[in-house]
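Here are some friendly notes to read with the model open beside you. Take the points in order, and find each element on screen before moving on.

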Amino acid sequence: MEQKLKEFIISRHPYDQMGKEALEKILSKAELVEYTTDQMVYRFGEKLDGLYIIESGKVQITDRLGDVISELGIGNSFGERGLLKDGMAATHARVTEDAQLVCIPADLVDILMKEDRSFREFFDRQSRARKPSSFVSHSRLATTPIKELMSRPPVSVSPETTIKEASILMRDEKISCVLVSEENRLLGILTLRDLSYKAIVDNMPNSTLVSEIMSLEPPTIDIDALANDALIKVAQNHVDHLPIMENGKPVGILTKSNLVSRNALSSLSLVLQISRARHMSKMKEYVSKLPLVLAQLAGSGTAPHIITRLLTDIADACTRRLIELYKLDHGEAPAPFVWAACGSQGRQEQTGVSDQDNCIIYQDGAHDTSWFKGLAKFVCDGLEHVGYFNCPGDMMATNPTWCQPVSVWRGYFDKWISSPTGESQMLASVMFDLRAIYGEASILEDMQEGVLQKAEDNSIFVGFMISNSISHHPPLSLFRGFATIKSGEHKDTVDLKHNGVVPITDMARVFAIKGKVKAVSTRERLLGAVLEGVLSQSGGDDLIAAYDFIQEQRLRHQMRQIRAGEEADNFLAPSSLSELDRSHLRDAFVMVKSMQSAISRQSL
């Protein structure tokens, strides 16, 4: 290869950072190929010869449907997306100005991906999604599966066991509780507190059966849950012991003291403190620490979907505690109800910038609805006071529209689905993200069951939802750059929320409707859509990788702002990123745009 061409390659990223041996392989095996204007380099679905670098000229990249993705110029690379999948072209590539292209053979690309870190990190968009997080102590427990915290099988007794026999067993085993079960079916739990507060205080005889004083139907945790889920359930139910279940059978016990002693997690300790708070002033104090939690988690390399889930847990805890405080002063509800969150809280995807989106759904037949109106005002005002600002679109329980009985809510969804309009698809988009926070979750679950079926069966409604999913465009310019904001406060930045995360969230919602996927989080919807066959495996992998990377950059941007003493936002200046991160971010936006193009054809 002539010296001038060698110098050209070596001056480009990532080749300027590659190891000497890997670089020598490229320089010895790469070929210079000439193309004329309008000549195709490759077509969608063709086997790729290799990875291309533009030495001169221009190349236009279009998706399989012909929509333009990029206009590439000197120094740009293309073809890596297909090479890293199955070796087949994932786009069309057409020369728009006579070009000379350097082609690195496909087999050499495979070798370089394995042997050279700089090459691999630059071209593999999914590398970060697969990279294990380097959790620090406060995130390690949060993401630890329950099964890894189990140290011994549970100690169980039959309901005919006497309290004396149970007490001796607990003393000998050095445990604070026993499960009461029959044929592997959990009936209840007997704790030292039950023995103290019931048996001893009431002077019960030693022959009393444990079935007479045990706690019935104790809250449980599934063995596949995370430690974070367990500690939240402990706080939510005000219990010290959680039976661990597998396939409906008790297989272990987790105690509150065991969880806390394992590690004092920042996010989880906030949840515990909030669950015990007696005044909103204390809750506000705890919530004010949320930015520091975000910064710690993002700085530790914790996966984005774990960070947003942990941050959402704090909002959930505030909501539950405010409802409990209201009930202390106003008594129980006049009818069964569920407090549900929508938006980012509903999807468990909150960051350092979050408003509140919520509603109340109560059973038909409630004669005094003033209790629910009072609850809505108390909780929404409380959430605003502690740090969760009001929804700009007034999608809150304080709006009478969103505090209604089940029959009215069913009517809402029936109307949105049967007679879709621009407004109805917008409202439906928000309300399809509903998640139960407090109360009778079955009220929401029963309603959602029928709603998903009706939505999937109505092609016109699905078409409206698809149109909504492509209304937010990734911030891409044709010439391998970013379409940044041109003026104002956020000049030269891109909005990672509305033009990055929202397009993926909207598409995931469409896939969930088409596949009747009940999950509400974006990631789980995409995974469920793949399982249901409404999204290809490769499409799902690409969208999840794009989503994870955009969220990672969003959270790290907020982390940097928080550490600088600034207020967190979603506006990132691409110029602040390394060349590697800019390349990955742009590739993520390209993937979103390609998927939007594909899904838009389904609404035609």
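Axes are lines fitted to C-alpha atoms, for helices over the stretch in contact, and angles between them run from 0 to 180 degrees, taken between N-to-C directions. Please keep in mind that this is a predicted model.

1. Let's begin with a pair of helices. Helix 8 (residues 163–173) packs with helix 9 at an angle of about 140 degrees, and their axes are 11 Å apart. Angles over 145 degrees count as roughly antiparallel, and those from 65 to 115 as roughly perpendicular. Helix 8 and helix 9 are therefore oblique to each other. The crossing in which helix 8 passes helix 9 is left-handed.

2. Which residues of helix 8 and helix 9 meet? From helix 8 come Ile-163, Ser-167 and Met-170, and from helix 9 come Leu-192, Leu-195 and Ala-199. Sorted by class, this contact of helix 8 with helix 9 has five nonpolar residues, one polar residue and no charged ones.

3. Next, look at the sheet in this part of the model. Four strands form an open sheet in the order 7-8-9-10, and the pairing is mixed. Strand 7 (156–157) and strand 10 (215–216) are the edge strands, each pairing on one side only. Strand 7 runs parallel to its partner, strand 8 (residues 177–182), and two bridges join them. Helix 9 (residues 192–200) packs on this sheet, where it touches strand 9 (185–191) and strand 10. The direction of helix 9 makes about 65 degrees with that of strand 9. For a spot to click on, try Ser-156, which stands opposite Leu-179 in strand 8.

4. Now move along the chain to another open sheet. Its four strands have the order 16-15-14-17, again with mixed pairing. Strand 16 (403–405) and strand 17 (435–439) stand at the edges with a single partner strand each, so one side of each has no neighbour in the sheet. From one strand to the next, the twist averages 30 degrees. In what sense do strand 14 (residues 337–341) and strand 15 (residues 358–362) pair? Their pairing is antiparallel, over five bridges. Phe-337 has Tyr-362 of strand 15 opposite it.

5. Two helices lie across strands of this sheet. Helix 18 crosses over strand 15 and strand 16, running at about 100 degrees to strand 16. Helix 20 (residues 441–457) lies across strand 14, strand 15 and strand 17, at about 70 degrees to strand 14.

6. Aromatic rings are worth a look too: the structure holds 22 aromatic pairs. One of them joins Trp-409 and Tyr-412 edge-to-face, at 5.5 Å centre to centre and with 75 degrees between the planes. Trp-409 and Tyr-412 are about one helical turn apart because they are three residues from each other in helix 18 (residues 406–418).

7. Finally, compare the first helix pair with helix 15 (residues 304–330) and helix 17 (residues 370–386). The axes of helix 15 and helix 17 come within 9 Å and cross at roughly 135 degrees, and these helices are therefore oblique to each other. Their crossing is right-handed. Among the contact residues are Leu-322, Tyr-326 and Lys-327 of helix 15, along with Trp-371, Gly-374 and Phe-378 of helix 17. By class, the contact of helix 15 with helix 17 divides into 11 nonpolar residues, five polar and one charged.

Technical notes: Residues are numbered from 1 along each chain as its sequence is written. This is a predicted model: local features need pLDDT of at least 70, side-chain atom pairs count only at pLDDT 80 or more; totals for chains, interfaces and linings use all residues. Side-chain values use heavy atoms; hydrogens and water are left out. Two strands pair if DSSP finds at least two bridges between them. Contact means heavy atoms within 4.5 Å. Angles under 35 degrees count as roughly parallel, over 145 as roughly antiparallel, 65 to 115 as roughly perpendicular and the rest as oblique. A crossing is left-handed if the near helix is turned anticlockwise from the far one by less than a right angle, and right-handed if clockwise. Ala, Val, Leu, Ile, Met, Phe, Trp, Tyr, Cys and Pro count as nonpolar, Asp, Glu, Lys and Arg as charged, and the others, Gly among them, as polar. Rings of Phe, Tyr and Trp (its six-membered ring) pair if their centres lie within 6.5 Å; planes under 30 degrees apart count as stacked, over 60 as edge-to-face and the rest as tilted.
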